[in-house]
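Hi,

Here is the model I said I would pass on. Have a look at it first, and then read my notes below.

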Amino acid sequence: MTFRVEVDLAKCIGCLACTRYDNFFCGTDFKAHVVRPEVSDVGCSQQAAEVCPVSAIFISITDPDPTISR
């Protein structure tokens, strides 16, 4: 399964709490940016989303597991 990780720069206040996690860095605009927008494991990105005080980090499924029937 593949996930997409995004930061809403309009919401980001630049606290950079998420940059403690591997998939985020501080950009030249002093806001958080994603290193790898497509990931197969959301562990660290999910933790970063949980510490974001303004809920500016979004994670969505881009490639559902085809072995799971719906």
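To start with one residue: does Val42 count as buried or exposed, and what is its relative accessibility? Keep in mind that this is a predicted model. Val42 has a relative accessibility of 19%, and because buried means under 20%, it counts as buried. So it falls on the buried side of the cut-off. You'll find Val42 in the loop that runs between strand E4 (38-39) and helix H1 (43-51). Neighbours within four places in sequence aside, Val42 has contacts with Phe3 and Ile59.

Now a second loop residue, Asn23. Its place is the loop between strand E1 (2-7) and strand E2 (24-26). Asn23 is buried too, with a relative accessible area of 3%. Setting aside neighbours within four places in sequence, its contacts are Val5, His33, Val34, Val35, Arg36, Val39 and Ser45. Asn23 and Val42 are 19 residues apart along the chain, and 9.6 Å separates their C-alpha atoms.

Stepping back to the whole chain: it has one helix and five strands, and in sequence order the pattern reads β-β-β-β-α-β. The C-alpha atoms fill a box of roughly 40 × 20 × 15 Å along the principal axes. Of the 70 residues, 27% count as buried. If you take the contacts between residues at least 6 apart in sequence, 60% of them join residues at least 24 apart.

E1 is a good strand to look at next. In a regular strand the side chains alternate between the two faces of the sheet. E1 does alternate: Phe3, Val5 and Val7 point to one face and are buried, while Thr2, Arg4 and Glu6 point to the other face and are not buried. E1 runs antiparallel to strand E5 (residues 57-63), with six bridges joining the two, and Phe3 stands opposite Ile61 there. E1 is also antiparallel to E4, joined by two bridges; on that side the bridge partner of Phe3 is Val39.

Val5, from the buried face of E1, has a long list of partners. Beyond four places in sequence, Val5 is in contact with Asn23, Phe24, Val34, Pro37, Val39, Ser45, Ile57, Phe58 and Ile59. Val5 also turns up in the largest nonpolar core, which has 16 residues; the members touching the most others are Val5, Val7, Cys18, Phe24, Ala48 and Ile57. E1, strand E3 (32-34) and H1 are the elements that give two or more residues to this core, and E1 gives the most, with three.

What about empty space? Rolling a probe the size of a water molecule over the atoms shows where such space is left. Here the count is one cavity of 30 Å³ or more, and the largest cavity holds about 90 Å³ of space. It is lined by 14 residues, and those closest to its centre are Cys12, Cys15, Cys18, Ala32 and Cys52. By class, that lining has 13 nonpolar residues, one polar residue and no charged ones. Cys18 is worth picking out on screen: it is among the core members that touch the most others, and also among the residues closest to the centre of the cavity.

That's what I have so far.

Cheers

Conventions:
Residues numbered from 1 in each chain as written. Predicted model: local features only at pLDDT ≥ 70, side-chain atom pairs only at ≥ 80, totals over all residues. Heavy atoms only, no water. Helix = DSSP H or I, 4+ residues; strand = E, 2+ residues; numbered from the N terminus. Buried < 20%, exposed > 50% of the residue type's maximum accessible area, 1.4 Å probe, protein only. Contact = heavy atoms within 4.5 Å. Core = buried A, V, L, I, M, F, W, Y, C linked by side-chain atoms within 4.5 Å. Pairing = 2+ DSSP bridges. 1 Å grid on protein atoms, 1.4 Å probe; cavity = no way out; pocket = protein on both sides within 12 Å on 5 of 7 lines; lining within 4 Å. Points joined across faces, edges and corners; volume = space filled by probe spheres on them. Nonpolar A, V, L, I, M, F, W, Y, C, P; charged D, E, K, R; others polar.
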